[in-house]
Amino acid sequence: SPSEEVEDASEPIKRDRSHLENTLKLNEDKPADEVSGVLQRLRKIYHSSIKPLEHSYRYNELRQHEITDGEITSKPMVLFLGPWSVGKSSMINYLLGLDDTPYQLYTGAEPTTSEFTVIMHGPKLKTIEGIVMAADSARSFSPLEKFGQNFLEKLIGIEVPHKLLERVTFVDTPGIIENRKQQERGYPFNDVCQWFIDRADLIFVVFDPTKLDVGLELEMLFRQLKGRESQIRIILNKADSLATQELMRVYGALFWSLAPLINVTEPPRVYVSSFWPHEYNPDTHRELFLKEEISLLEDLNQVIENRMENKIAFIRQHAIRVRIHALLVDRYLQTYKDKMTFFSDGELVFRDIVEDPDRFFIFKSILAKTNVSKFDLPNREAYKDFFGINPITSFKLLSQQCSYMGGCFLEKIEKAITRELPDLLGSIGLGKKPNVLSCDVTGCGETPKNRYRKP
């Protein structure tokens, strides 16, 4: 109507949002039945074939990663990381159209977000306390309780009735490059970030071109992102605040600073645009910015579309790690039993083995088995700590973990990795795309190879 078109002259002009709706397919209805059936089968495989071995060898104490049902059924998660005041919260407001509503995330030049904010779908707008989110085991956030009450006070959930959130959850994080010590925050900030990084399907690392400061904290962050390179997208936000030549210079400087931090053959995708609702500044590359924004939205849509494949691949990767852990503990135990005599002191014998596992070929013997990549092997130090808490005598050999009816734990997990999970993937119409779980990606091939170096 004409009355709506008359803008207040002091208000900045807003851009058209139709490309958002079209690219993210917000007006389409998706059939949910197929997805829930696949999720049920995935849960069944996890509970019957992977979890028994995980429990028996206390894998959770090695990696602090227990998979809950909430996590198997959770929506894809998009994580926003970066220094403060780079426009992370503004970007979420823009994508969800929250600007000028009571629920828009606070934005401003000062560090405004001091919480981890989870933006998820709900029937009506409401805020949920972190303590409530962690207590609800149906949600995928219950494991966050282990970071303590101080952290839960810094965790907040916002439910928004938005079509996009029916298919994806956003997480806004406190600015990463605040020169503050972990102690001052009162909770293990890096560990919490790691928890979210491990579970994110897409990680947006956002920068402001006018204050590009790649310091120590950022190095720390990229160390935490190791192994997640394919999920990372780098965003050079507020791009219309610079003249073209200046923007080119900053783009080059950003790559130069990040190159040593990201050790992969393909550079990560960098999006250059201004992710907020206002019209781009005049005399800037608006066509480029709009194209970049649409590319980023397509990327986001791809993650939503590939939700099931990613979930199956995630569970399979987890199963591979659990299997390797079980093989290692079994090997430690076998070595211990071989070395024990009637007169020897069990603790001394075992201390020898833990201090120098290479002398007993523990890790080498695991690599000699099929389907183990050396890049999936945990480090030796981790096992010193692990056996410090869990005495070797509290474990059983793999050969003893079999029952007449249930079969053997090891055989079941191997069957899940090599047959059941790939079959499940094939059943969702992906028989055409076997590369999703190819051995290049998961390192399950007979010969381990470095997945991050050109041949």
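In this predicted model, Cys-402 and Cys-408 are joined by a disulfide, with their two sulfur atoms lying 1.9 Å apart. A disulfide is a covalent bond between the sulfur atoms of two cysteines. The distance here falls within the 2.5 Å that the rule for a disulfide requires, and by this rule the structure has one disulfide. The torsion about the S-S bond of Cys-402 and Cys-408 is about 110°, and the disulfide is therefore right-handed. The two partners can also be described by their surroundings: Cys-402 has a relative accessibility of 38% and so counts as partly exposed, while Cys-408, at 18%, counts as buried, because the limit for a buried residue is under 20%. Another cysteine, Cys-193, has a relative accessibility of 1% and is likewise counted as buried.

From this covalent link we can turn to the charged side chains. Side chains of opposite charge can pair when their charged atoms come close. The structure holds eleven salt bridges, and one of them brings together the side chains of Arg-359 and Asp-352, with a distance of 4.0 Å from N to O. Both of these residues are partly exposed, since the relative accessible area is 49% for Arg-359 and the relative accessibility is 40% for Asp-352. A further salt bridge is formed by Glu-355 and Lys-384, whose closest N and O atoms are 3.5 Å apart. Because Glu-355 lies in helix H15 (residues 346–355) and Lys-384 in helix H17 (residues 380–389), this pair ties together parts of the structure that are 29 residues apart in sequence. Glu-355 is partly exposed at 49% relative accessibility, and Lys-384 is also partly exposed, with a relative accessible area of 26%. The salt bridges also include one between Glu-420 and Lys-415, where the closest N and O atoms are 3.7 Å apart. Where salt bridges share partners they can be read as a network, and in this way Glu-355, Glu-381 and Lys-384 are joined into one.

Helix H17, which carries Lys-384, is also worth following for its buried residues. Which residues of H17 are buried? They include Tyr-383, Phe-386 and Phe-387. An α-helix has 3.6 residues a turn, so residues three or four places apart point the same way. Seen down the axis of H17, its buried residues fall within an arc of 90°, which means that they line one face of the helix. On the other side of H17, Asp-385, Gly-388 and Ile-389 are exposed. The buried residues of H17 pack against helix H4 (59–63), helix H14 (307–339), helix H15 and helix H16 (362–367).

The strands come next. Strands of a sheet pair through backbone hydrogen bonds, either parallel or antiparallel. In this model eight strands form an open sheet with mixed pairing, in the order E3-E4-E2-E5-E1-E6-E7-E8. At the edges stand strand E3 (126–129) and strand E8 (269–272), each of which has a single partner strand, so that one side of each is left without a neighbour in the sheet. Neighbouring strands of this sheet are turned against each other by 20° on average, direction ignored.

Beginning at the E3 edge, we find that E3 and E4 run antiparallel and are joined by four bridges, with Glu-129 standing opposite Ile-156 in E4. E4 in turn pairs with E2 in the parallel sense, over six bridges, and here His-121 has Val-160 in E4 as its bridge partner. Why is strand E4 (residues 155–160) largely enclosed by the rest of the structure? The reason is that five of its six residues are buried. Further along the sheet, strand E6 (residues 202–207) and strand E7 (residues 232–236) run parallel and are joined by five bridges, among whose partners are Phe-207 and, in E7, Leu-236.

Helices pack on this sheet as well. Helix H6 (residues 88–96) touches strand E1 (77–81), strand E2 (116–121), strand E5 (169–172), E6 and E7, and the direction of H6 makes about 155° with that of E5. Helix H12 (residues 244–258) also packs on the sheet, where H12 touches E6, E7 and E8, and the direction of H12 makes about 145° with that of E7.

Notes. Residues numbered from 1 in each chain as written. Predicted model: local features only at pLDDT ≥ 70, side-chain atom pairs only at ≥ 80, totals over all residues. Heavy atoms only, no water. Buried < 20%, exposed > 50% of the residue type's maximum accessible area, 1.4 Å probe, protein only. Helix = DSSP H or I, 4+ residues; strand = E, 2+ residues; numbered from the N terminus. Pairing = 2+ DSSP bridges. Axes fitted to C-alpha atoms, helices over the stretch in contact; angles between N-to-C directions. Contact = heavy atoms within 4.5 Å. Arc of directions from axis to C-beta.
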